[in-house]
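Subject: Structure for you to look at

Hello,

I am handing over the structure we talked about, and below it I have set out what was found, in an order that should let you follow along on screen. Please keep the sequence open beside the 3D view while you read.

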Protein chains: 2
Amino acid sequence: MKQSETRNLTMMMDLYEMTMANGYFNDQDKDTRVAFDVFYRSNPDGGGFAIFAGLEQILEYIENLHFDEEDIAYFRSLNIFTEDFLAYLKDFKFSGDIYAFKEGTIMYPNEPIITVVAPLIDAQLIETALLAQVNHQSLIATKTRRIVSAAEGRAVSDFGARRAHNMDAAVYGARAAYIGGAVGTATVLAGQMFDIPVSGTMAHSWVMYYKDEFEAFKHYAENYPDGTVLLVDTYDVIGSGIPNAIRVAKEVLEPMGKRLKGIRIDSGDLAYLSKKIRKMLDDAGLEDCKIVVSNSLDEYTITSILQQGGKIDSFGVGERLITAKSDPVFGAVYKISAVEENGTFAPRIKISENVEKITNPGLKDVYRIYDEAGHSVADLITKAGETVDMSAPYRYADPVKPWKNRSFENCTAKKLQQQVVKEGKRIVEPESLEDIRAYVEKQLNTEVWEEEQRFENPHEHYLDMSPAYYEMKMDMLHESRTR
Amino acid sequence: MKQSETRNLTMMMDLYEMTMANGYFNDQDKDTRVAFDVFYRSNPDGGGFAIFAGLEQILEYIENLHFDEEDIAYFRSLNIFTEDFLAYLKDFKFSGDIYAFKEGTIMYPNEPIITVVAPLIDAQLIETALLAQVNHQSLIATKTRRIVSAAEGRAVSDFGARRAHNMDAAVYGARAAYIGGAVGTATVLAGQMFDIPVSGTMAHSWVMYYKDEFEAFKHYAENYPDGTVLLVDTYDVIGSGIPNAIRVAKEVLEPMGKRLKGIRIDSGDLAYLSKKIRKMLDDAGLEDCKIVVSNSLDEYTITSILQQGGKIDSFGVGERLITAKSDPVFGAVYKISAVEENGTFAPRIKISENVEKITNPGLKDVYRIYDEAGHSVADLITKAGETVDMSAPYRYADPVKPWKNRSFENCTAKKLQQQVVKEGKRIVEPESLEDIRAYVEKQLNTEVWEEEQRFENPHEHYLDMSPAYYEMKMDMLHESRTR
């Protein structure tokens, strides 16, 4: 954890958080409590779900939030803030409450993943860092899951650091990839910080350093007899790489009582080459030698290679995972939902020309609804504190088809948000990455319909509303229209 | 600079850098000097050039390179390294030489942007961090330049932090965007670290906090009478946002002797709305009120909006800039080019099935060739130390059309790499970001053909070779084929 402990990311914000804060402070509004929701509007890559990741880093950020002298000096230099406000920043600490989905929760559009209930300035200032963390890690966890599904049980490792959008993207990307189901990463700093399994063997430079490919392989095998994985595509995979690898297996490893663990190819037609290589290795009695492939892979290329019968044991996935190349923007937003007025939270709604941009107003609860077999059939938004009684059929409103009369029968409901910060103090222990990863696995294997996990045109998870919540939202829309 | 000083990014590497290093160490090869080149194979988005960015952060990284006790303990825990090697790491410092293009140089595929000449382990260990930095910053600088060109002189600001791939991507992305021609950023930490102009006004939450849009605008104007920019699309741009903004201009600002500086729209059809708004503002005597737009912009949407006559003064560009959404991978690689043998550097070449993946071997120099008018007409690779005399016609080899007999006449040649690190010590002062940004501007305005700056199907910059270099490369290819 050596990195995050030493970094103060308080200044990682858009300037408008501060211009607003300064205005609220000057107008004596800073202590009014408000609620903000984090939610997103559509799943990446047209998928059926996303994976919530990044909560642990948000909690660390919240606990570290403070302005140093040099930060305040910087703000003063901009000549737009009052001295009283700058003095107030000196002792600023986050003092609000935060509620969030458990990290690793399968999530869907338009439901509040995180809710912040805090004094106005506290709630506003954390917007940018909070979104950047959720957006990045959820994006990479979700993308990785797609790749892992395409690999159909074969190992997927993150090899992306060099193409990541700078250092944090490599390190927190590796964390998110592990949550999404990667078996490990090549990125040492991520391994060190998060205890993720790391792997690594050789680059083309190793092979090119020596005058001869066989000599290069021999040196490697002598150094790593228990984990010899040879990169066979520096010169000519079939003509020299594989023959030299087999020769090393026979002449160097076998006399030591060792087996060649694997070969890796990083270029060429991976379906064609892997089949040809498998045969060459098998013919040489190296049936246990694994074939690892890398080179611009993603869920689409992996699906296609496997459809063509590629003989592959493990995938190293780099740039297209670590940048989520096919859809590199995760669009979670942070919208105000309520403002305290005379001791109660009055809902706020944002109207938009685009229907999908109309927000869900007010303080609310979110439940996941499970059928008797444990499948998650829908999510449900209620007004905060509403009783959700599933012991009898529960009538709900479907906001997409509000004319239909529908009920949940024989279902159970689980509240998805839990309080994680209380009056500025974190009240949950860090979760182990292994537990988060296992939780993702469990949900996708036992709770989430397969139909939601399809790449193309997946089933859209229902986000329903309690009758009371739906009525409140409709009333607000009508009121705004008649204003 | 508070962030970078406190971070040790030595562990930001792929594990294979260490497995190779350990092998080289055990085999007594660690002091052999080698050369590696950084280069990339194609310009992002099918463009005609890219912008080299990130050098300053590379130099900081190189100077900080060292392994802490806890790093060594981590490596020990992996059970793959020898104790002698781990002991060696304790005092490890980078001791090699680095040559690089000046930051902000317009660059082209397949030429060495950076060359590292160093003992084998030193050269190998820095691969991952060096590539991640160059790849990220060059990607964002290049993408930003495309957006800036599309805006045809209108200001472009970086608004992307919340959608960046974590914190570094926001901060170093803002730096790169500024190099590429953005006028500033919304990201406070980037402003603080790099002295980039910052801007920011209000979010929808400001408008929604108040019960009434006019009240919200009024409060803002009273707090910032000299820089009132109002976000007008929370409820209904034409029906309420603009009328309320005009009312604030008349009732709040004019009595103070102030003018409404601008309005911002963040949704809807920006071409249609901006024309309508311009008319409404002009009719109200607010001809000097600027129209700022944001909402998923990039070079393509901006071009299209301007073609339709959008009346826009300034663009806030977020997610598509900070993630380089249309092509989020910059593919610079780090390839060994030479190994010292008996006091001279013997060239190395990587052959590949894909012609474009064959490397340029050996120690080399790169020149940019200018015609009499100062236009850059080609780049030229020579063997290291070759004399390039342009006082007479200079015959060169065109590696794409080698049968042609071509010469540079009345041209000048400028060497593109300069030494930046000597025996592990940085020998160049940090350059100011303003200078780097101005250098980009100067090259694109006076040196680089407009035809290379087209979005679609741009002119491909020539990368030529001296006859001696070309012959050396061909000899190596022939030799490898006959092996």
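To begin with the annotated regions, the UniProt record, in an unreviewed entry, gives residues 11–135 of chain A as "domain: Nicotinate phosphoribosyltransferase N-terminal". Please bear in mind throughout that this is a predicted model. Over residues 11–135 of chain A, helix makes up 43% of the chain and strand 18%, while the C-alpha atoms at the two ends are 18 Å apart.

A further UniProt feature, again from an unreviewed entry, is "domain: Nicotinate/nicotinamide phosphoribosyltransferase", placed at residues 156–345 of chain A. That span is 43% helix and 16% strand, and its end C-alpha atoms lie 47 Å apart. The record also carries the annotation "domain: Nicotinate phosphoribosyltransferase C-terminal" (unreviewed entry), which covers residues 364–473 of chain A; here the content is 20% helix and 34% strand, with 11 Å between the end C-alpha atoms.

Next come the helix contacts in chain A, where helix H8 (residues 167–180) of chain A is a good place to start. Helix H7 (residues 127–150) of chain A packs with H8(A) at an angle of about 50 degrees, their axes being 7 Å apart. That angle makes H7(A) oblique to H8(A), and the crossing of the two is right-handed. On the H7(A) side the contact includes Gln133(A), His136(A) and Ile140(A), and on the H8(A) side the residues met include Asp168(A), Tyr172(A) and Ile179(A). Sorted by class, the residues of this contact of H7(A) with H8(A) are eight nonpolar, six polar and three charged.

H8(A) also packs with helix H16 (residues 433–447) of chain A, the axes coming within 7 Å and crossing at roughly 45 degrees, and H8(A) and H16(A) are therefore oblique to each other. Arg175(A), Tyr178(A) and Ile179(A) are the residues of H8(A) that meet Leu433(A), Glu434(A), Ile436(A), Arg437(A) and Val440(A) in H16(A). The contact of H8(A) with H16(A) divides into five nonpolar, no polar and three charged residues.

In chain B, helix H7 (residues 127–150) and helix H14 (residues 299–307) pack at an angle of about 0 degrees, with their axes 8 Å apart, and that makes H7(B) roughly parallel to H14(B). H7(B) contributes Lys143(B), Arg146(B), Ile147(B) and Ala150(B) to the contact, and H14(B) contributes Glu299(B), Tyr300(B), Ile302(B), Thr303(B) and Leu306(B). By class, this contact of H7(B) with H14(B) holds five nonpolar, one polar and three charged residues.

Finally, there is the interface between the chains, to which chain B gives 111 residues and chain A gives 112 residues. Between them, chain B and chain A bury about 9,200 Å², of which 55% is on carbon and sulfur atoms. Within chain B, the residues that lose the most area to chain A are Arg162(B), His165(B) and Tyr209(B), which together account for 10% of what that side buries.

Best wishes

Terms used. Residues numbered from 1 in each chain as written. Chains lettered and ligands numbered in written order. Predicted model: local features only at pLDDT ≥ 70, side-chain atom pairs only at ≥ 80, totals over all residues. Heavy atoms only, no water. Axes fitted to C-alpha atoms, helices over the stretch in contact; angles between N-to-C directions. Helix = DSSP H or I, 4+ residues; strand = E, 2+ residues; numbered from the N terminus. Parallel < 35°, antiparallel > 145°, perpendicular 65-115°, else oblique. Left-handed = near helix turned anticlockwise from the far one by under 90°. Contact = heavy atoms within 4.5 Å. Nonpolar A, V, L, I, M, F, W, Y, C, P; charged D, E, K, R; others polar. UniProt positions renumbered as here; feature names shortened; annotations may be inferred. Buried area = accessible area lost by both parts, 1.4 Å probe.
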